[in-house]
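Biologist: I would like a close look at one part of this model. Please take it strand by strand, then place it in the whole chain.

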Amino acid sequence: AGLTPVPERDSLGELNAQYKLITAEVTNNSTDRPNNYIYFNKGRRDGIQKDMGVIGDNGVIGIIVKVKENYSKAISLLHKRNFISAMIKRTGAFGPIKWIGSNPRYVNLADIPKHNKVVVGDTIVTSGYSTHFPKGVLIGVVEETNLPGGSNFHDIKVALSNDFSSLDYVEIIENLRQAEQLELEREVTDE
């Protein structure tokens, strides 16, 4: 079965009321630096805003960080400061995705406690614990996992589902409820 980045991509069902997809073309992209960026030919006039999530044919690409009138820039998943929360689809265990700055085909899934079972082949998806992406958008598949001696956390290597060296067109996700969600999260923090 083919993997779709967003659950039922064409008919987002309940998600339809919350998310809108804006297609953009990649105009520039790097994969060989510690901090990689991707540039698109859509900007403010097309409805693009900072903090929107970006997905490709096979899942997560990055997050918009800068917007001009006709262009925008995202931090790639291949960026030391990317802040994407991921989870193991099978178990629901979640942690941050970390780019270790070497091979553009892999990232690490961090902070998964040793009592959680992790197996090679486990699907890694977005957790939904941020306003950038809906829950369940594909990130990749566990290729290696081990538990270093004395550690309380698994060392998990994830093979990315997108080939970052050949990005062409992407979808930028507009979360129509993002402002409301962030406002509520701020209120909770202030209490």
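In which sense do β9 and strand β10 (residues 138-146) pair, and over how many bridges?

Modeller: Keep in mind that this is a predicted model. β9 and strand β10, which covers residues 138-146, pair in the antiparallel sense. They do so over 3 bridges. Here is one contact to look up: threonine 123 has valine 141 in β10 as its bridge partner.

Now turn to the other pairing of β9. Strand β9 takes in residues 123-126. It also pairs with strand β6, residues 85-88. The sense is again antiparallel, and the count is 3 bridges. In this pair, isoleucine 88 stands opposite isoleucine 124 in β9. So far, then, we have β6 with β9, and β9 with β10. As background, the strands of a sheet pair through backbone hydrogen bonds, either parallel or antiparallel.

Follow β6 to its next partner. β6 and strand β7, residues 94-98, pair in the antiparallel sense over 3 bridges. The bridge partner of methionine 87 in β7 is phenylalanine 94. These two strands form a hairpin with 5 residues between them. Glycine 92 in this hairpin takes a positive phi near 85°.

The side chains of β6 deserve a stop. Ser85 and Met87 point one way from the strand. Ala86 and Ile88 point the other way. Each of these residues, on either face, is buried.

Next comes the other side of the sheet. Strand β8, residues 106-109, pairs with strand β11, residues 155-160. That pairing is antiparallel and has 4 bridges. Valine 107 of the pair stands opposite valine 158 in β11.

Put the pieces together and a barrel appears. Its 6 strands close in the order β6-β7-β8-β11-β10-β9, with antiparallel pairing. Neighbouring strands of this sheet are turned by 40° against each other on average, direction ignored.

Two residues in the loop between β8 and β9 are worth a visit. One is asparagine 116. It is buried, because its relative accessible area is 18% and the cut-off is under 20%. The C-alpha atoms of asparagine 116 and serine 102 are separated by 27 Å. Along the chain, those two residues are 14 residues apart. The other is lysine 114, also placed in the loop between β8 and β9. Lysine 114 counts as partly exposed, at 46% relative accessibility. Its C-alpha atom is separated from that of serine 151 by 8.0 Å. Lysine 114 and serine 151 are 37 residues apart along the chain.

Then there is the empty space. The structure holds 1 cavity of 30 Å³ or more. About 40 Å³ of space lies in the largest cavity. Ser85 is one of its lining residues, and we met Ser85 above as a buried residue of β6. Thr126 lines the cavity too, and residue 126 falls within β9. Ile84, Ser127, Gly128, Tyr129, Ser130 and Phe133 also belong to the lining. By type, the lining divides into 3 nonpolar, 5 polar and no charged residues.

Step back to the rest of the chain. The protein chain has 1 helix and 12 strands. From the N terminus on, the elements run β-β-β-β-β-β-β-β-β-β-β-β-α. There is also a barrel of 6 strands in the order β1-β2-β5-β4-β3-β12. Its pairing is antiparallel. In that sheet, neighbouring strands are turned by 45° against each other on average, direction ignored. Part of the ring is the link from strand β3, residues 53-56, to strand β12, residues 169-175. These two run antiparallel and are joined by 3 bridges. Glycine 53 has isoleucine 173 in β12 as its bridge partner.

Last, the overall dimensions. The C-alpha trace spans about 55 × 40 × 35 Å along its principal axes. With 191 residues, a compact globule would have a radius of gyration near 16 Å. The protein chain has 16 Å, so the value agrees. Buried residues make up 43% of the 191 residues.

How values were computed:
Residues numbered from 1 in each chain as written. Predicted model: local features only at pLDDT ≥ 70, side-chain atom pairs only at ≥ 80, totals over all residues. Heavy atoms only, no water. 1 Å grid on protein atoms, 1.4 Å probe; cavity = no way out; pocket = protein on both sides within 12 Å on 5 of 7 lines; lining within 4 Å. Points joined across faces, edges and corners; volume = space filled by probe spheres on them. Nonpolar A, V, L, I, M, F, W, Y, C, P; charged D, E, K, R; others polar. Pairing = 2+ DSSP bridges. Axes fitted to C-alpha atoms, helices over the stretch in contact; angles between N-to-C directions. Rg over C-alpha atoms; globule rule 2.2 N^0.38 Å. Buried < 20%, exposed > 50% of the residue type's maximum accessible area, 1.4 Å probe, protein only.
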